[in-house]
Each structure stands twice: as C-alpha cells, then as structure tokens.
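Colleague: Please take a close look at the charged side chains in this one and talk me through how they sit. Add whatever you think helps to place them.

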Amino acid sequence: MGILEVKGVNKRFGGLQALGDVNLSVAENTVHAIIGPNGAGKSTLLNVLVGKLIPDSGSVMFDGQSVLGRKPHEINQMGISRVFQTPEIFADLSVFENVMIPCFAKRDGAFRMHAIESTHHEKDIAEQAMAILEDVNMADKRDMIASSMSRGDKRRLEMAMCLVQDPRLLLLDEPTAGMARADTENTIQLLKDIRTKRGITMAIIEHDMNVVFSLAERITVLAQGTPLVEDVPEKIKGHPKVREAYLGEAQV
C-alpha cells in the first residue's frame, strides 16, 4: 500500500462526471505525477486529495487515515502540504516573516508575530525559519518584501512555508505555471534538492512535460475524469492511449 490511497472516487457536478472511479496509489518517498489534457479532472482530484471537495463516493486515505471532511489545518496536521498554481504568500511581509508565520502556527496553533525573538522559544523558531531559508537558498533575501520578488522566488518562498510544517506529502498544483524557463529549471532543481535532503513524497499536477519527466518516478494519465494508464515515465512517453488522449499529438 502507498502512503496515499485513492479508491473508487467519483465526483459529479450536475450532469458532468468530473471523476469516474479513480484509483490511485502513491508510494512513500516517490514523486508521482498526474497528467492529462484540459478537462481531464486533475484539479478536481487534487481538491479531493486536500479535502476541499467531498467525492460522491470512494475513499482517500493518507497513512491509513481518511482525509475526507477534514478542515485545511487538520490536513496540514496530518502531514500534507499543498503548493498552489499561484503562490500563496503574505505579499506585504518580508521573506523571514512569511516563514515565521507557519512556524508559530505549527508550534502554538495560532499566528503570533509580536516579539519574535523575545524568548528562548521564539529564538528557537527564528533559527528554524532561517535553517529552512538556507535549505531553499533564500537566506540572503530574508528582509525582502515578498511582493517585490520574481514569480520563481515567490514559489521558492511558498515551498519554504510548506517545509517548516514538516510534511510527509507535498501536493504541487502546476508549480512552474507562468514561470520563465530559468525559473522553471530552478524550481525543478529545488524540488530535486528537497527530495534528496528530506525524502518528502510528492504528487504533482503539471502541464510542462519537461518538469514531469525531470521529476516523476511514476505517472498517472487521466482522460475525461478516468485513469487511462499508469506507468513509469519511459513507458508513458510513447503509449498509444496517451497519444490519443492528447488529441493525437506525438509529444506529451
């Protein structure tokens, strides 16, 4: 069994079958990509995985516990973090303050930004925040206001905010969307570094096949809300069903 198990998940929106009998198993300490043409159900599935949507039927288990019906902070406490298509950061705060917020939220269950370094406890958290920033190569940008940074750096900051929560599973929704090629390559390398240093399991939804084939160890292809094929990257590239799903395009 995988650390994440999806069994028989169905979801309809009115007359639209968004997900049809989806089964998915993500092995621990791997990178599993979920791809498919537009309208395949990728985002719907991701929203089910993080508890944002409740399926009409089926189950989603993380490390033996159901994620269905849980609130976002409960999902985080289980060990699941999510990176959104548009980086979710506190634009008016500094890089350091952005990372401090989830540090305090994890420790105290509440956001506290006052007197950050006034106690031994708060000094420990500040040191933890700086260690994370060093891991993602942002220590030299600790005082920058988040809104002033490039999209690539905003994504890097969001990753740091996830990492301070010590996730076991990181869900990434098109982490390179809207990026210049240089930022995309930097993000790929960052994710590789995170995997090497922390061994975090990752499930990625991504349109950029360069990203998918650079990172994924296993790929599930969705088509019209239903898993079409699942295999290792080498066998996905030329699979006839995958070519058909992408409207006959040879490159997927």
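Modeller: Let's start with arginine 198, which counts as partly exposed because its relative accessibility is 32%. Bear in mind that this is a predicted model. Arginine 198 makes a salt bridge with aspartate 135, and the closest N and O atoms are 2.8 Å apart. The arginine belongs to helix 6 (residues 181-198) and the aspartate to helix 4 (residues 120-135), so this pair ties together parts that lie 63 residues apart in sequence. Aspartate 135 is partly exposed too, at 26% relative accessibility.

In total there are 12 salt bridges. Another one joins the side chains of arginine 142 and aspartate 143, at 3.4 Å from N to O. Here aspartate 143 is exposed, with a relative accessible area of 60%, while arginine 142 is partly exposed at 27%.

Helix 6 turns up again with arginine 181, whose side chain meets that of aspartate 208 in a salt bridge of 3.4 Å, N to O. This pair links distant parts of the chain, 27 residues apart: arginine 181 is in helix 6, and aspartate 208 is in the loop between strand 8 and helix 7 (209-215). Arginine 181 is partly exposed, with a relative accessible area of 46%, whereas aspartate 208 is buried, at 18%. There is also a network, in which salt bridges with shared partners join Glu28, Asp63 and Arg168.

Now for a charged residue without a partner. Arginine 156, in helix 5 (residues 151-163), is buried but has no salt bridge. The nearest side chain of opposite charge is that of aspartate 153, at 4.3 Å, and the cut-off for a salt bridge is 4 Å. Apart from neighbours within four places in sequence, arginine 156 is in contact with Val136, Asn137, Met138, Asn186 and Leu190.

One more acidic residue leads into the strands. Aspartate 173 is in strand 7 and stands opposite isoleucine 205 in strand 8. Strand 7 (residues 169-173) has 5 of its 5 residues buried, so the rest of the structure largely encloses it. Leu169, Leu171 and Asp173 point one way from the strand, and Leu170 and Leu172 point the other way. Strand 7 runs parallel to strand 8 (residues 201-205), with 5 bridges between them, and also parallel to strand 6 (residues 80-83), with 4 bridges. On the strand 6 pairing, valine 83 is opposite leucine 172.

Lysine 7 takes us to another sheet, an open one with 4 antiparallel strands in the order 2-1-4-5. Its edges are strand 2 (16-26) and strand 5 (65-66), each of which pairs on one side only. Strand 1 (residues 4-13) pairs with strand 4 (residues 57-62) over 5 bridges, and the bridge partner of lysine 7 in strand 4 is serine 59. Helix 1 (residues 42-49) packs on this sheet and touches strands 1, 2 and 4, with its direction at about 60° to that of strand 2.

How far to trust all this? Mean pLDDT for the protein chain is 86, and 89% of the residues reach 70 or more. Residues 108-120 fall below 50, though the stretch still has 21 contacts in the model beyond near neighbours in sequence. Where pLDDT is low, don't read the predicted coordinates in detail.

Conventions:
Residues numbered from 1 in each chain as written. Predicted model: local features only at pLDDT ≥ 70, side-chain atom pairs only at ≥ 80, totals over all residues. Heavy atoms only, no water. Helix = DSSP H or I, 4+ residues; strand = E, 2+ residues; numbered from the N terminus. Buried < 20%, exposed > 50% of the residue type's maximum accessible area, 1.4 Å probe, protein only. Lys, Arg positive; Asp, Glu negative; His and termini not counted. Contact = heavy atoms within 4.5 Å. pLDDT = per-residue confidence, 0-100. Pairing = 2+ DSSP bridges. Axes fitted to C-alpha atoms, helices over the stretch in contact; angles between N-to-C directions.
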